[in-house]
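Trainee: Could you take me through the inside of this protein, with a close look at one part of its nonpolar core? I'd like to see how that part sits within the whole.

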Amino acid sequence: MRMPTTTSKGRGELALINRIRRRADKASGSGLSLGIGDDCALLRLKPGEEAAVTTDLSIEGRHFRLDLHPPESIGHRALARGLSDIAAMGARPVAAFLSLGAPSELTLPSLPKTPAWIDGFLDGFLTLAHKHKTPLAGGDLAQSQIAIADIVLIGAVPRRKAFLRSGAKPGDLLYVTGSLGGSSLGLRQLGSPGISPGDLAPHLWPQPRIDQGLWLQRKHAASAAIDISDGISTDLHHLCEESGVSGEVQSSCLPIFPGASLEDALNGGEDYELLFTAHPNTRIPRKIVGVPVTRIGVITKFRKANPRVLLVDAFRRSKPMKPLGWEHFRAATPE
Ligand SMILES: [Mg+2]
């Protein structure tokens, strides 16, 4: 966090920055030499590693709603998006940076002795950061008309060993972690009465698959990987296009979250699971660090006349799996 002078920030904001700094200091990580308080953070990579860097923007009205999402969930989800990208590269997280814009009413308590919205946001953010040993190493804070959280995640991965989208070969098998469609189902149910917290968990508290990515990295088990942020239909297209291959998905094998539809699973997005490919001789267990892993299809040779990705049902009937997942700027949905 930059420590600006009193001329550029009010006393309330400085107090808030100090509060963030005190809380961030408690999170430790192996790669942070110098955290919040100086002009830059200093990070230390191990010999033979390279840095994996990703950024994600969360905007009120676009990625979250103040009337539907608890502040803790908004903080959690902002960080989960970045950690999921780190996981998809098979990298370990080293440090997170957070720049927050918020109207002043969100940085002040609405009632005396109650936490402000921003404290709830930080609770969610820092709890997840702590879980994955990712220190908050800096950022910035400014007043803005709507709430905006911009995060930068720095990860580290052994040199030339990061999983890329371009590594899949015909014959490789296609796997996915966890379950699909739960986030989309949860989003539809947000704010409805009588919904159990478990049904909303995939949407409000997605779990980035850091441990699973690191396991695959240690075992050299994956040939390509991507995280499912936009929906498997769109993300599998990305992977196949980058690899110059095609894909075939068995619809009956998809691990669909209970209550979610096939449409949710294919196009819903924000599941933050890992989609990866592995050579057919590579043994992939049914669970990796406690999370189920499901074989859902196979990589095939790309032929110009054929669809890039096929969805095949239990009777071997196939149809093109169109990339209908989340596309930025496509529609002004309240999500
Ligand atoms: Mg991604």
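Mentor: Happy to, and let's start with who touches whom in this predicted model. Among contacts in the protein with a separation of 6 or more, 83% are between residues 24 or more positions apart. Keep that in mind as we go inside.

Of the 335 residues, 51% count as buried. The largest nonpolar core has 53 residues, and the members that touch the most others in it are L98, F121, F125 and F276. Let's stop at F125. Setting aside its neighbours within four places in sequence, F125 is in contact with G75, H76, L79, A96, L98, L136 and I151. One of these partners, L98, is also among the core residues that touch the most other members. Apart from this core lies another one, made up of 22 residues, including L174, V245, V249 and L311.

Now step back to the whole protein, which has 9 helices and 14 strands. Its C-alpha trace spans about 65 × 50 × 35 Å along the principal axes. The radius of gyration is 21 Å, and this agrees with a compact globule because one with 335 residues would have a value near 20 Å.

Finally, have a look at the outside. The protein exposes about 15900 Å², with carbon and sulfur atoms supplying 54% of that area. As for charge, there are 40 positive and 33 negative charges, and their mean positions lie 7 Å apart. If you go back to the display, F125 is a good place to begin, with G75, H76 and L79 among its contacts.

Key: Residues are numbered from 1 along each chain as its sequence is written. This is a predicted model: local features need pLDDT of at least 70, side-chain atom pairs count only at pLDDT 80 or more; totals for chains, interfaces and linings use all residues. Side-chain values use heavy atoms; hydrogens and water are left out. Helices (H or I, at least four residues) and strands (E, at least two) are DSSP runs, numbered from the N terminus. The radius of gyration is taken over C-alpha atoms; the globule rule is 2.2 Å times the number of residues to the power 0.38. Buried means under 20% relative accessible area, exposed over 50%, partly exposed in between (1.4 Å probe, protein chains only). Contact means heavy atoms within 4.5 Å. Accessible areas come from the Shrake-Rupley method with a 1.4 Å probe; for residues, only the protein chains shown count as cover. Lys and Arg count as positive and Asp and Glu as negative; His and the chain ends are not counted. The place of a charge is taken as NZ of Lys, CZ of Arg, CG of Asp or CD of Glu. A nonpolar core is a set of buried Ala, Val, Leu, Ile, Met, Phe, Trp, Tyr and Cys residues joined through side-chain atoms within 4.5 Å.
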